[in-house]
Amino acid sequence: MSKTEPSVFTRIVAREIPAEIVFESDTVIAIKDIAPKAPVHLLVIPKTQQYRNVAELAAGDPALLADVVAVAQSLADEYTDSEYRLVFNTGESAGQTVFHVHAHVLGGRLTEGSLAE
Ligand code: 5GP
């Protein structure tokens, strides 16, 4: 792998940056989004930062993508009425700001100026 700087999420995994962690396994971490766009807004993040987006993750490690989706569902069962949006922003113009793949789990109505734009 190239000499990439650790992403903000890698730094959260390493406990260099604080976050409200709601789930953690050997391969996945889930946190509350720092700027929530819905009443429930969680991020489910593979610990590895080698995949920049969901298509790379699907191609490179489909089992890990399946784990991300399963964690999203179980968090939605815990934090929402089990109905939710699962969003993977892909590319800057689509609103992606962190190029370390992550799923947004959004429960309840989206707020203005949100991912729905
Ligand atoms: P993207 O825009 O790349 O799809 O999503 C990145 C998300 O990460 C944004 O919703 C943003 O609010 C969240 N985020 C960025 N930095 C931090 C941080 O330091 N802590 C937490 N908890 N969330 C962050």
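The exercises below, each with a worked solution, concern a predicted model of a protein with a ligand.

**Exercise 1. Place strand 2 among its neighbours**

Determine which strands pair with strand 2, in what sense, and over how many bridges.

Solution.
- Step 1. Locate the elements: strand 1 covers residues 21-24, strand 2 covers residues 28-32, and strand 3 covers residues 40-46.
- Step 2. Take strand 1. It pairs with strand 2 in the antiparallel sense, over 3 bridges. The two strands form a hairpin, and 3 residues lie between them.
- Step 3. Take strand 3. It is joined to strand 2 by 5 bridges, and these two strands also run antiparallel.
- Step 4. Fix the register with Ala30. In strand 1 the residue opposite Ala30 is Phe23; in strand 3 it is Val44.
- Step 5. Check the cover. Of the 5 residues in strand 2, 4 are buried.

Result: strand 2 pairs with strand 1 and with strand 3, and is mostly covered.

**Exercise 2. Describe the shell around the ligand**

State how many residues surround the ligand, what kinds they are, and which elements supply them.

Solution.
- Step 1. Count the shell: 16 residues surround the ligand. The closest are Asp33, Asn89, Gly95, Thr97 and His104.
- Step 2. Sort the shell by type. It divides into 8 nonpolar, 6 polar and 2 charged residues.
- Step 3. Assign residues to elements. Helix 1 and strand 2 each supply at least two residues. Helix 1, which spans residues 8-13, gives the most, with 3 residues.

Result: the shell holds 16 residues, with helix 1 as the element that contributes the most.

**Exercise 3. List polar contacts of the ligand and its cover**

Find the distances from ligand atoms to polar atoms of Ile34, Asn89 and Thr97, then state how much of the ligand is covered.

Solution.
- Step 1. Start with the ligand nitrogen. One nitrogen atom lies 3.3 Å from a polar backbone atom of Ile34.
- Step 2. Turn to oxygen. An oxygen atom of the ligand is 2.8 Å from a side-chain N or O atom of Asn89.
- Step 3. Thr97 uses its backbone: an N or O atom there is 2.7 Å from an oxygen atom of the ligand.
- Step 4. Read the cover. On its own the ligand has 520 Å² of accessible area, and the protein covers 85% of that.

Result: Ile34 and Thr97 take part through backbone atoms, whereas Asn89 takes part through its side chain.

**Exercise 4. Compare two residues of one loop**

Decide whether Gln96 and His102 are buried or exposed, and identify what their side chains reach.

Solution.
- Step 1. Place both residues. Gln96 lies in the loop between strand 4 (85-87) and strand 5 (103-107), and His102 is also found in the loop between strand 4 and strand 5.
- Step 2. Apply the cut-off for buried, which is under 20% relative accessible area. Gln96 has 4% and is therefore buried. His102, at 8%, is therefore buried as well.
- Step 3. Follow the side chain of Gln96. One of its polar atoms is 2.9 Å from the backbone oxygen of Arg52. The side chain also reaches the backbone nitrogen of Gly91 at 2.8 Å.
- Step 4. Follow the side chain of His102. A polar atom of this side chain lies 2.8 Å from the backbone oxygen of His100.
- Step 5. Add the contacts, leaving out residues up to four places away in sequence. Gln96 touches Arg52, Asn53, Asn89, Thr90 and Gly91. His102 is in contact with Phe9, Leu43, Val44, Ile45, Val87 and Phe88.

Result: both residues are buried. The contacts of His102 include Val44, the residue opposite Ala30 in Exercise 1.

**Exercise 5. Examine positive phi values**

For Arg15 and Ser82, give phi, the location and the exposure class.

Solution.
- Step 1. Read phi. Arg15 has a positive value near 65°, and Ser82 one of about 75°. Neither residue is a glycine.
- Step 2. Locate them. Arg15 is in the loop between helix 1 and strand 1. Ser82 is in the loop between helix 3 (62-79) and strand 4.
- Step 3. Classify exposure. Arg15 has 48% relative accessibility, so it counts as partly exposed. Ser82, with 32%, is partly exposed too.

Result: each is a loop residue and partly exposed.

Conventions: Residues are numbered from 1 along each chain as its sequence is written. This is a predicted model: local features need pLDDT of at least 70, side-chain atom pairs count only at pLDDT 80 or more; totals for chains, interfaces and linings use all residues. Side-chain values use heavy atoms; hydrogens and water are left out. Buried means under 20% relative accessible area, exposed over 50%, partly exposed in between (1.4 Å probe, protein chains only). Helices (H or I, at least four residues) and strands (E, at least two) are DSSP runs, numbered from the N terminus. Two strands pair if DSSP finds at least two bridges between them. A residue is near a molecule or strand if one of its heavy atoms lies within 4 Å of it. A polar contact is a pair of N or O atoms within 3.5 Å; within protein, one must be able to donate a hydrogen and the other to accept it, and residues adjacent in sequence count only if both atoms are side-chain atoms. Accessible areas come from the Shrake-Rupley method with a 1.4 Å probe; for residues, only the protein chains shown count as cover. Ala, Val, Leu, Ile, Met, Phe, Trp, Tyr, Cys and Pro count as nonpolar, Asp, Glu, Lys and Arg as charged, and the others, Gly among them, as polar. Contact means heavy atoms within 4.5 Å.
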